[in-house]
Amino acid sequence: MKNTAWKKDYLVVIHSDYDDTWRDMTNPCTFKQAVHFVCHKRFVSAMDRGAIRIVTLSEFATLPKSEVTA
């Protein structure tokens, strides 16, 4: 059985109501690090509402992102 516990393939993302897109809040991290980030920053209530999610890198690629042009 292959151990995948130390793979950094999770992100914490936040939803923007303004343009209905998702933005990453963290660098790629492990699942435990993502949960710790949400709890430490007190985003649990936002996670319950669905405004913040923990997703994998492959899921993040499918979420709508904003096209920022400068």
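## The cysteines

Let's start with Cys-39, which counts as partly exposed in this predicted model. Its relative accessibility is 47%, and because the exposed label needs a value over 50%, Cys-39 stays in the middle class. Cys-29 is another story: this residue is buried, with a relative accessible area of 8%.

And disulfides? The structure holds zero of them.

## The chain as a whole

Now for the big picture. You'll find three helices and three strands here, and if you walk along the sequence they come in the pattern β-β-α-α-β-α. The chain has 70 residues, and 24% of them count as buried.

Its accessible surface adds up to about 5600 Å². Carbon and sulfur atoms account for 55% of that surface. As for how the fold is knitted together, take the contacts between residues at least 6 apart in sequence: 50% of those join residues at least 24 apart.

## Val-13, in the first strand listed

Val-13 sits in strand β1, which covers residues 10-16. How buried is Val-13? Its relative accessible area is 0%, so Val-13 counts as buried, the cut-off being under 20%.

What does Val-13 touch, once you set aside its neighbours within four places in sequence? The list includes Trp-22, Arg-23, Asp-24 and Met-25. Further along the chain, Val-13 is also in contact with Ala-51, Ile-52, Arg-53, Val-55, Phe-60 and Leu-63. Arg-23 deserves a second look: it is ten residues from Val-13 in sequence, and the two C-alpha atoms are 5.4 Å apart in space.

## Two threonines

Thr-21 belongs to strand β2. It counts as buried, at 10% relative accessibility, and its side chain makes a polar contact of 2.8 Å with the side chain of Asp-19.

Thr-26 lies in a loop instead, the one between β2 (21-24) and α1 (31-40). Is Thr-26 buried or exposed? With a relative accessible area of 13%, Thr-26 is buried, because anything under 20% gets that label. A polar atom of the Thr-26 side chain lies 3.1 Å from the backbone nitrogen of Val-12. Leaving out residues up to four places away in sequence, Thr-26 touches Val-12 along with Leu-11 and Phe-37.

Definitions and conventions
Residues numbered from 1 in each chain as written. Predicted model: local features only at pLDDT ≥ 70, side-chain atom pairs only at ≥ 80, totals over all residues. Heavy atoms only, no water. Helix = DSSP H or I, 4+ residues; strand = E, 2+ residues; numbered from the N terminus. Buried < 20%, exposed > 50% of the residue type's maximum accessible area, 1.4 Å probe, protein only. Contact = heavy atoms within 4.5 Å. Polar contact = N/O pair within 3.5 Å; in protein donor to acceptor, adjacent residues only side chain to side chain. Disulfide = S-S within 2.5 Å. Areas by Shrake-Rupley, 256 points an atom, 1.4 Å probe, with all protein chains shown as cover.
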